[in-house]
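Me: I'm new to this one and would like to understand the reasoning behind its description. Could you walk me through it?

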Amino acid sequence: MSGWIAIAGLGPGDAALVTPEVTLALAEATDVIGYIPYVARVAPRAGLALHPSDNRVELDRARHAIDLALAGHRVVVVSSGDPGVFAMAAAVFEAIDHGPPAWRSVDVRVLPGITAMLAAAARAGAPLGHDFCAINLSDNLKPQALIERRVALAAQADFAIAFYNPRSRARPDGLGRAFAVLRDVCADDRPVLFARAVTTPEEALRIVPLPDARAEMADMRTVVIVGSSTTRTIARRGTPFLYTPRSAS
Ligand code: SAH
């Protein structure tokens, strides 16, 4: 049988949110490649080789997947959430783009998954109901100045904004700087959702107004959604509902 690559999204955590298409690809696979905690979400079985690797080696992982597929293996490259959102799909295409011409004949498919901001938005209500954007706060692959420029322009454009990779031990104050940029542009009633480990047993949601938002409220398992100027909270017992009306003001 000839080899292939499926670049698959495992969703935000809950097994019920893994698509049947991804489950089928994993059942047919001979090899699974990905970051250690994502590969750990795949059940081991006879005939399936698991290749967990450390973070920050995306291109090595992509080349490994292509080599295996061209040698006849059926390879699933796993990401959390959706593989096209700050994840492995772009790395595989970058490897193909810069690799030898023979790599272009590899059979590659991208299998979408539910990305963190959509899972978080669904838990809170509908904060992404109008125009929105997503910004990766990790400065591994881009300069901090570019991040802050994008945050400022997104706020000026009045998008709701989802921040991925908001905080890590190596980068404790990037989110604090993003909040400082937002406070220059946004009114004080702007709601900020901290959605941690959504759809897992450790899930925690918290909504605070922008002036009360602190970087310490997030960690690497948190996606942060900042509302637009029209985003509203509906107070009730427990966490309020958060939604953005579909019409612009
Ligand atoms: N491809 C993934 C994103 C990878 S970047 C996706 O589409 O979701 C990793 C970041 O995603 C984390 O730092 C966090 O901001 C976010 N994230 C992933 N899973 C999450 C979850 N279950 N709950 C909250 N945020 C999550």
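**Around the ligand**

Reply: Gladly! This is a predicted model, and a good starting point is Arg 221, where a backbone N or O atom lies 3.4 Å from a nitrogen atom of the ligand.

Me: What makes the pair of Arg 221 and the ligand a polar contact?

Reply: A polar contact needs N or O atoms within 3.5 Å. The Arg 221 pair is at 3.4 Å, so the pair counts as a polar contact.

Me: What makes the pairs at Asp 82 and Thr 115 polar contacts?

Reply: An oxygen atom of the ligand is 2.8 Å from a polar backbone atom of Asp 82. For Thr 115, an N or O atom of the side chain is 2.6 Å from a ligand oxygen. The cut-off is 3.5 Å, so both pairs qualify.

Me: How much of the ligand does the protein cover?

Reply: On its own the ligand has 550 Å² of accessible area, and the protein covers 93% of that. The space taken by the ligand is the largest pocket.

Me: Which residues surround the ligand most closely, and what kinds make up the shell?

Reply: There are 19 residues around the ligand, and the closest are Pro 12, Val 85, Thr 115, Met 220 and Thr 222. The shell divides into 12 nonpolar, 5 polar and 2 charged residues.

Me: Why is the ligand said to lie between the domains?

Reply: Domain 1 (4-114) and domain 2 (117-243) both give residues to the shell, so the ligand lies between them.

Me: How many residues of each domain are in contact with the other?

Reply: 8 residues of domain 1 are in contact with 10 residues of domain 2. The C-alpha centres of these two domains lie 28 Å apart.

How values were computed
Residues numbered from 1 in each chain as written. Predicted model: local features only at pLDDT ≥ 70, side-chain atom pairs only at ≥ 80, totals over all residues. Heavy atoms only, no water. Near = heavy atom within 4 Å. Polar contact = N/O pair within 3.5 Å; in protein donor to acceptor, adjacent residues only side chain to side chain. Areas by Shrake-Rupley, 256 points an atom, 1.4 Å probe, with all protein chains shown as cover. 1 Å grid on protein atoms, 1.4 Å probe; cavity = no way out; pocket = protein on both sides within 12 Å on 5 of 7 lines; lining within 4 Å. Sits in = over half its atoms within 2 Å of the grid points. Nonpolar A, V, L, I, M, F, W, Y, C, P; charged D, E, K, R; others polar. Domains from an automatic or database assignment. Contact = heavy atoms within 4.5 Å.
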